[in-house]
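Thanks for coming, everyone. I have one structure to walk through today, so let's put it on the screen.

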Amino acid sequence: MLTRLLAIALLSIFGPFWLGYEESDADPAVSHYTVKPRIIRLDLPVPDEGMGGIIAVDVNNDGRKDFIITKPNHIAVHDHSGKKLWVKKVGIRVTKKAEEYGLPGLHGPGMQVADVDGDGATELLYLAYDGSLRVVNGATGQEKWKVMVPVPKGAERWEHLVIASFRGAGDRDLLLQATNAQGYRMGRYLAAFALDDLIEGIYKPLWERHDFVANAHNGARVADLNGDGKDEVLGATVVGSDGRILSRIPSKGHIDSIFVGDIRPDIPVLEIVALEEGRGFPIFGDSNRIFFRAVKRLYERIFPDGNRVFLYNHERVVWQSHFQHQEPQNAAIGEFDPERPGLEVWCRSRYDTRQKPFIFDAQGQIISYYNIDDVAPKNWTAKGVEVIWTIDWTGLPKQLAAAKERHKAGDVAIFDPLTGKFLHRFKEKADRLYVADVSGDWREEIVVLNGNELRIYENDKPNPNPNRTRLWNQNHYRRSKMTWNYYSP
């Protein structure tokens, strides 16, 4: 520790003389998207401090995606056309920063939707602030049942819930997660239940763990990694459908965000991408200044560890990589370069302003990096982008990314992650951003919560591949669209 402090002091004095920094004054322009959004007006309070989110799911069994919006003490459900199905004032658990207030974290929807009892109707499940699990009819909001599931010692209450298939019976199981009640809160407590048992008041879990290494800022995600019809639980540790730890990554800090997909098609299972924060340069002062950045870069060269990106599955770590040990913090995973095998991993970087994204290929090699200032349109916030989603916007093999202006209710944009080029700008005051296939042609739409309006942007160009299977048929896509939050869209 003393060695590191001495190195920081020396670099603070001499760093600027050892390493220069080149600024850019480029000011690219991009036109605003001219197609008007479809607008759904909501009967919800506007202030929310980042609590609550959006999901798209069919609640009335008409084959079309409906919209559910959560805010503190409120749930609103509108059908595909925008018609209000129901709005209720209920004590749904939604939170601010998970590490301070517990799960589900910023922008986390705090709910799950499925036919959990096999009656053909869709149910909406949520955790209430009183600790109860509540289940309501998805189309009407009428409460069907509620239970108080015992909480493990060391936790305050259950905070996060995920519909899963642990027994291979479909969406008939439930994962509950809780953080430690004291200190920096991490979702270490897991318990899996058969929903049929909970309906009958049987609280014996299928399995439970108190040592799950979660990502720091959002709840557990689940996916069927090996195609056996059963879900695994994804974090820095991967937990099997039977509760056994299958693999873990050698993280030196904590995990900021986590994603799942077929990154390496040559490997016959899905892979997980995790972004590590830790063992990097201690951030203090004004991180914009040339002085600070020069010191930081030299420090990371002297102490080359931490701030890595991991690609792994339930069996092993496929690779771990880094870009000058800069913190990756947020990511988007997609087919950003169709000329390369597999998917690419775009990382935003941690800088408070003037972000510097970098991209890995499917083998963990850096293939591109740039300054966001060089590619962002005029008047885009200097703080960069946030809530970054991979988006199938065009219908072509190449995927893009959608994001909003960081730390403000601002504009939304679609950009090319490989080059950073901004392609479309949407004039908005976006409080939330969600991306999913809601129109039905398998391409994805942009869904924005702007105050008390839900605004849906569609690509008005013809779909060049209209016969492709809808993304919702993929298990990990369905799961991810209900377990997202600010850090892991």
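One term before we start. A polar contact here is a pair of N or O atoms within 3.5 Å, and within protein one of them must be able to donate a hydrogen and the other to accept it. Keep that in mind; we will use it later. Also, please remember that this is a predicted model.

Overall picture. The protein has five helices and 32 strands. There are 489 residues, and 61% of them count as buried. Now look at contacts between residues with a separation of 6 or more. Of these, 56% are between residues 24 or more positions apart. The exposed surface is about 19,100 Å², and carbon and sulfur atoms supply 51% of that area.

Next, the cores. The largest nonpolar core has 55 residues. Which residues have the most contacts inside it? They are Ile68, Tyr434 and Ile446. Take Ile446. Setting aside neighbours within four places in sequence, Ile446 is in contact with a list of residues that includes Ile391, Trp393, Val412, Phe426 and Tyr457. Tyr434 is on that list too. So is Arg455. There is also a second, separate core, with 21 residues. Among them are Val147, Trp158, Leu161 and Ala178.

Hold on to Ala178, and let's go to the sheets. A general point to begin with: strands of a sheet pair through backbone hydrogen bonds, either parallel or antiparallel.

Sheet one on my list is an open sheet of four strands, in the order 10-11-12-13, with antiparallel pairing. Where are the edges? Strand 10, residues 160–164, is one, and strand 13, residues 207–209, is the other; each pairs on one side only. On average, neighbouring strands here are turned by 15° against each other, ignoring direction. In the middle of the order, strand 11 covers residues 173–178 and strand 12 covers residues 189–194. How many bridges join these two? Six, and the two strands run antiparallel. Here Ala178 comes back: it stands opposite Tyr189 in strand 12.

Now Ser241. It sits in the loop between strand 16, residues 237–239, and strand 17, residues 245–248. Buried or exposed? The cut-off for buried is under 20% relative accessible area. Ser241 has 16%, so it counts as buried. Beyond its neighbours within four places in sequence, Ser241 is in contact with Phe166, Trp207, Lys230 and Asp231. Trp207 belongs to strand 13, residues 207–209, the edge strand I just named.

On to another open sheet, again with four strands. The order is 22-23-24-25, and the pairing is antiparallel. Why do strand 22 and strand 25 each have one side without a neighbour in the sheet? Because they stand at the edges, each with a single partner strand. Strand 25 covers residues 366–369. Neighbouring strands in this sheet are turned by 20° against each other on average, direction ignored.

Zoom in on strand 22, residues 331–334. Ala331 and Ile333 point one way. Ala332 and Gly334 point the other way. All four are buried. Strand 22 pairs with strand 23, residues 344–347, over four bridges in the antiparallel sense. Ala332 has Trp346 as its bridge partner in strand 23.

Follow the chain on to Tyr351, in the loop between strand 23 and strand 24, residues 358–360. Tyr351 has a relative accessible area of 7%, so it is buried. Now the polar contact I promised. What is the distance in the polar contact between the side chains of Tyr351 and Gln326? It is 2.8 Å. These two residues are 25 apart along the chain, and their C-alpha atoms are separated by 9.4 Å.

Last, some backbone details to check on screen. Leu103 and Pro104 are joined by a cis peptide bond, with omega about 15°. Pro104 is in the loop between helix 2, residues 98–101, and strand 6, residues 111–114.

Then two positive phi values in residues other than glycine. Gln329 has phi near 60°. It lies in the loop between strand 21, residues 317–321, and strand 22. Gln329 counts as buried, at 7% relative accessibility. Asn379 has phi near 70°. Its loop runs between strand 25 and strand 26, residues 385–391. Asn379 is exposed, with a relative accessible area of 65%.

That's the tour. Over to you.

How values were computed: Residues are numbered from 1 along each chain as its sequence is written. This is a predicted model: local features need pLDDT of at least 70, side-chain atom pairs count only at pLDDT 80 or more; totals for chains, interfaces and linings use all residues. Side-chain values use heavy atoms; hydrogens and water are left out. Buried means under 20% relative accessible area, exposed over 50%, partly exposed in between (1.4 Å probe, protein chains only). Contact means heavy atoms within 4.5 Å. Accessible areas come from the Shrake-Rupley method with a 1.4 Å probe; for residues, only the protein chains shown count as cover. Two strands pair if DSSP finds at least two bridges between them. Axes are lines fitted to C-alpha atoms, for helices over the stretch in contact, and angles run from 0 to 180 degrees between N-to-C directions. A nonpolar core is a set of buried Ala, Val, Leu, Ile, Met, Phe, Trp, Tyr and Cys residues joined through side-chain atoms within 4.5 Å.
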